[in-house]
Amino acid sequence: MRLWILFVPFLVNLVLGGLAAGPSVVLDSGTFTGIASGTVSQFLGIPFAQPPIGNLRYRLPQPIQPYNGSHLATAFGPACPQQNTNLPLPPGLPSQSINFLVNAGIGVIFPDSEDCLNINVIRPATATSNSKLPVVVWIYGGGWERGTTSFPLYDGSLIVSRSIILGTPIIYVSMNYRLTGFGFLASKEVKDAGIGNLGLQDQRQALRWVQKYIGAFGGDPSKVTIWGESAGAISISLHMLANNGNTEGLFRAAFMQSGSPLPVGDITNGQALYDTIVAETGCSGTSDALDCLRSLPYDTLKAAIDKSPGIFDYQSLRLVWSPRADGTFITDNPQKLIQQGVVASIPFVTGDCDDEGTLFSFSTLNVTTEVQFKDYIQGTFWQGVSSTDVDHLATLYTSDITQGSPYDTGLTDVLTPQYKRLASFQGDAVFQAPRRFFLQNRSGKQNTWVYLSKRFKTLPYLGSVSAILFQR
Ligand SMILES: *[C@@H]1O[C@H](CO)[C@@H](O)[C@H](O)[C@H]1NC(C)=O
Ligand SMILES: *[C@@H]1O[C@H](CO)[C@@H](O)[C@H](O)[C@H]1NC(C)=O
Ligand SMILES: *[C@@H]1O[C@H](CO)[C@@H](O)[C@H](O)[C@H]1NC(C)=O
């Protein structure tokens with residue numbers, strides 16, 4: 001009797017698939033076997049484009065050949081090459097805040113490979129090719145220099161199982177896209193070759209893959225929402241402006257957490273860094289520097305790219321690797337495109353957290369005086385801005401620490417005399433102001449929603465930073 005009782009769960013498991021073959025899906029002539037986990041099935045690490053290696057390095061993503069054969073889709077594919085940066089942890093930061101950053105995985109380096117264009121699909125276990133479920137496509141952040149779909153906080157199975165409980169089941173998709181100097185090389189040569197913004201092009205290619213294949217998983221390709229955070233949210237806003245605002249039917253709604261169209265400038269503004277990398281790798285003076293870069297051993301190119309400043313270096317949010325106006329896909333500066341009305345006419349949500357600038361001000365703790373504050377803005381953050389404008393800015397963002405960010409913290413959370421001031425300024429310049437510009441221009445023309453999150457507001461020195469949205 002007792003033995004029998006012990007055996008029942010085992011048999012149930014066996015019947016429900018614990019030991020049976022995992023869920024499978026047929027794409028073209030290929031069969032992909034995923035993982036059954038609770039109420040969801042996961043299909044992980046499916047290549048969605050040809051590997052961007054060899055002669056396909058620094059090329060637009062190429063569609064994958066029709067699938068054939070049998071494949072396991074039971075593990076995440078590698079991350080794309082990540083920028084080598086160190087998270088600055090200011091001395092005196094309380095363990096509560098350190099633990100938050102560590103738990104959020106900020107600073108973790110994931111296994112990476114140049115062959116990284118892989119996609120994941122998580123669906124309700126009961127979905128069939130007739131289900132026609134809505135689809136959400138997740139685009140991670142990380143300043144276009146870090147990040148991957150395998151990041152534990154991006155576990156889509158929680159989203160899908162929750163959607164089942166709510167009675168509104170969905171399918172979750174996430175893709176890796178090229179980052180840093182592999183995905184966002186910028187120069188005149190890059191512009192002329194039509195290979196700007198490759199990281200965004202990879203995202204777009206993944207959306208084309210969704211159109212072609214999501215039906216086989218039980219998804220409805222006409223019901224795709226794109227959803228992202230930070231650089232992922234900014235990427236989404238740029239997909240709304242790219243291609244002259246034509247979505248090509250790839251998505252019908254957008255959800256942006258902590259990221260709006262930024263004044264990214266022209267792609268030729270990246271020339272100096274491009275020239276440095278070309279020189280560093282011995283590619284100057286060759287007849288075709290891009291071809292030379294394509295032929296380099298991965299490690300040589302990666303080492304040269306890693307010398308460039310990252311998001312946690314002194315210049316912080318003045319990112320060297322980011323989308324830029326490339327003349328073809330993103331035809332102009334995003335703010336100009338908004339003013340021209342070149343915006344996809346789809347409903348969208350865009351929201352920020354209260355203290356977006358704090359984490360990014362850990363890199364500038366040696367800015368401690370009024371003069372250094374102004375110098376930082378004029379000399380680093382916003383090169384070319386006039387002294388009159390900087391003086392005006394300094395009167396708007398005063399040195400009064402009770403006015404800085406994290407907001408509503410009075411005389412506390414003062415890492416240095418200028419810390420809260422810089423955090424306030426950076427949060428507004430990179431997050432709140434672009435969001436307002438976008439919203440003010442689009443509300444009334446299409447359905448828009450907005451939020452301001454103050455979740456976990458009491459985190460010392462950080463306040464409500466955006467990565468906190470994923471803490472459970
Ligand atoms: C199967 O797919 C691979 C990879 O795309 C391709 O090289 C191969 O030719 C295909 N085989 C058949 C029989 O179609
Ligand atoms: C908003 O966009 C419209 C085009 O849709 C443009 O005519 C208008 O000038 C813009 N307004 C602002 C304040 O930029
Ligand atoms: C702060 O340190 C960085 C190097 O880490 C340096 O480039 C910068 O000039 C310093 N700023 C000030 C105001 O001392």
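Select proline 406 as the opening stop of this tour through a predicted model. Proline 406 sits in the loop that runs between α13 (387–396) and α14 (419–442). Display the backbone here and examine the link to the preceding residue: the peptide bond from serine 405 to proline 406 is cis, and its omega is near 5 degrees.

Remain in this loop and select aspartate 408, which also belongs to the stretch between α13 and α14. Its phi is near 60 degrees, a positive value in a residue that is not glycine. Is aspartate 408 buried or exposed? The relative accessible area is 63%, and because exposed means over 50%, aspartate 408 counts as exposed.

**Ligand 2**

Next, select ligand 2 together with its surroundings. The residues around it are Ile338, Gln339, Gly341, Asn441, Arg442 and Lys445. Colour the helices, and two of them stand out in this shell: α11 (334–339) and α14 each supply at least two of its residues.

Three side chains deserve individual inspection. Asparagine 441 places a side-chain N or O atom 2.6 Å from an oxygen atom of ligand 2. For glutamine 339, the corresponding distance from a side-chain N or O atom to an oxygen atom of the ligand is 3.3 Å. Lysine 445 likewise has a polar side-chain atom 3.3 Å from an oxygen atom of ligand 2. On its own, ligand 2 has 370 Å² of accessible area, and the protein covers 46% of it.

**Ligand 3**

Move now to ligand 3. Which residues are around ligand 3? They are Tyr314, Asn366 and Gln372. Select asparagine 366 and look at its side chain, where an N or O atom is 2.3 Å from an oxygen atom of ligand 3. Then select tyrosine 314: one of its polar side-chain atoms lies 3.0 Å from a nitrogen atom of the ligand. Taken alone, ligand 3 exposes 360 Å², of which the protein buries 42%.

**Helix α6**

Select residues 198–217, which form helix α6. This helix has 20 residues and reaches 27 Å from its first C-alpha to its last, close to the 28 Å expected at 1.5 Å a residue. Rotate the view until the helix lies across the screen, and search for a change in direction: α6 has a kink of about 45 degrees, centred on glutamine 211.

Restore the remainder of the protein to the display. Why is α6 described as largely enclosed by the rest of the structure? Of its 20 residues, 15 are buried, so the surrounding structure encloses most of the helix. Just after α6, select glycine 218, which takes a positive phi of about 105 degrees.

**Helix α7**

A polar contact leads from α6 to the next stop. Select histidine 239, which is placed in helix α7 (residues 231–241), and add glutamine 203. Their side chains are joined by a polar contact of 2.8 Å. Histidine 239 has 1% relative accessibility and therefore counts as buried, the cut-off for that term being under 20%. To see what is in contact with it, display Leu200, Gln203, Arg204, Ile226, Phe251 and Phe329; this list leaves aside neighbours within four places in sequence.

Select glycine 232, another stop in helix α7. Glycine 232 is buried, with a relative accessible area of 0%. Not counting residues up to four places away in sequence, it touches Ile139, Tyr140 and Gly141. Add tryptophan 138 and draw a line between the two C-alpha atoms: glycine 232 and tryptophan 138 are 8.1 Å apart in space, although 94 residues apart in sequence.

**Helices α4 and α10**

Select threonine 180, found in helix α4. Threonine 180 has a positive phi of about 40 degrees although it is not a glycine. Is threonine 180 buried or exposed? With a relative accessible area of 1%, threonine 180 is buried.

Keep α4 in view and finish with helix α10, residues 298–306. Highlight its buried residues, which are Leu301, Lys302, Ala304, Ile305 and Asp306. What covers the buried residues of α10? Among the elements that do so are α4 (180–183), α8 (271–280) and α9 (289–295). Show these helices alongside α10 to complete the tour.

How values were computed
Residues are numbered from 1 along each chain as its sequence is written. Chains are lettered from A and ligands numbered from 1 in the order in which they are written. This is a predicted model: local features need pLDDT of at least 70, side-chain atom pairs count only at pLDDT 80 or more; totals for chains, interfaces and linings use all residues. Side-chain values use heavy atoms; hydrogens and water are left out. A residue is near a molecule or strand if one of its heavy atoms lies within 4 Å of it. A polar contact is a pair of N or O atoms within 3.5 Å; within protein, one must be able to donate a hydrogen and the other to accept it, and residues adjacent in sequence count only if both atoms are side-chain atoms. Accessible areas come from the Shrake-Rupley method with a 1.4 Å probe; for residues, only the protein chains shown count as cover. Helices (H or I, at least four residues) and strands (E, at least two) are DSSP runs, numbered from the N terminus. The expected span of a helix is 1.5 Å times one less than its number of residues. The bend at a residue is the angle between axes fitted to the seven residues ending there and the seven starting there. Buried means under 20% relative accessible area, exposed over 50%, partly exposed in between (1.4 Å probe, protein chains only). Contact means heavy atoms within 4.5 Å.
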